[in-house]
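Student: I have a model open and a few labels I'd like to see justified. Can we go through them?

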Amino acid sequence: MSYELPALPFDYTALAPYITKETLEFHHDKHHAAYVNNYNNAVKDTELDSQPIEAVIKAIAGDASKAGLFNNAAQAWNHSFYWNSIKPNGGGAPTGALADKIAADFGSFENFVAEFKQAAATQFGSGWAWLVLDNGSLKITKTGNADTPIAHGQTPLLTIDVWEHAYYLDYQNRRPDYISTFVEKLANWDFASANYEAAIA
Ligand code: FE
């Protein structure tokens, strides 16, 4: 079924100066919109068209003959997840059950931050870093290009897009500065907590 490009959950100027209006206009209105359009055109009139995008992603993951459809589907889905992973006045640390689980599985929030930053910084080329729930344990993963944890049986809780289009206008080649800003100023722990609580309910 057709996948609708979601509106940004905040104003285009709301993340400045950390992520500027110019970046959001290109990233959401051009890049994300293109993945959505390409996905809708590619899935139309196929046997997969009756299924929601998450089911399509899971059904065709690893099928080399459907790599184009997978890449656009996964990028459409990943970006919707990313817009919810950031917010104005974000950052800081989680509270409640997710905070306790992070302390239990990573030793401390500081350890989590160090590991998350390392994963995001060392994803070679385009991709994503994620906090996921995997078989009851929190893990940090990185995925290349369009790849997504939902294709690997993991439940994503939070993500950072480390494709250059996510940060180049604002940070040029300084990916580590973008990652630090994500952690300190943008990360939406309310969203991650809601994802965690839904997963364990
Ligand atoms: Fe992106």
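Tutor: Sure, let's take the labels one by one.

Tutor: This is a predicted model, where local features need pLDDT of at least 70, side-chain atom pairs count only at pLDDT 80 or more, and totals for chains, interfaces and linings use all residues. Residues are numbered from 1 along each chain as its sequence is written, and side-chain values use heavy atoms, with hydrogens and water left out.

Student: What makes a stretch of the protein chain a helix or a strand?

Tutor: Both are DSSP runs numbered from the N terminus: H or I over at least four residues for a helix, E over at least two for a strand. The protein chain has eight helices and three strands, in the order α-α-α-α-α-β-β-β-α-α-α.

Student: How do you know whether the radius of gyration of the protein chain agrees with a compact globule?

Tutor: The rule is 2.2 Å times the number of residues to the power 0.38, and the radius is taken over C-alpha atoms. For 201 residues that gives a value near 17 Å; the protein chain has 16 Å, so the two agree.

Student: Why is Asp45 called exposed?

Tutor: Exposed means over 50% relative accessible area, buried under 20%, and partly exposed in between (1.4 Å probe, protein chains only). Asp45 has 73% relative accessibility, so it counts as exposed. Its place is in the loop between H1 and H2, and its phi is near 65°, positive in a residue other than glycine.

Student: And why does Asn89 count as exposed?

Tutor: Because its relative accessibility is 77%. Asn89 lies in the loop between H3 and helix H4 (96-106) and, though not a glycine, has a positive phi of about 55°.

Student: What makes those phi values worth pointing out?

Tutor: Most residues other than glycine have a negative phi, and most peptide bonds are trans. On the peptide side, a cis bond joins Ala16 and Pro17, with omega about 5°; Pro17 is in the segment before H1.

Student: Which residues of helix H2 are buried, and how do you know on which side they sit?

Tutor: In H2 (residues 53-60), they are Ile53, Val56, Ile57 and Ile60. They cover an arc of only 100° around the axis, which puts them on the same side of H2; that arc is taken from the directions from the helix axis to the C-beta atoms. Lys58 and Ala59 are exposed on the other side.

Student: What covers the buried residues of H2?

Tutor: The cover includes helix H1 (21-43) and helix H3 (67-85), with contact meaning heavy atoms within 4.5 Å.
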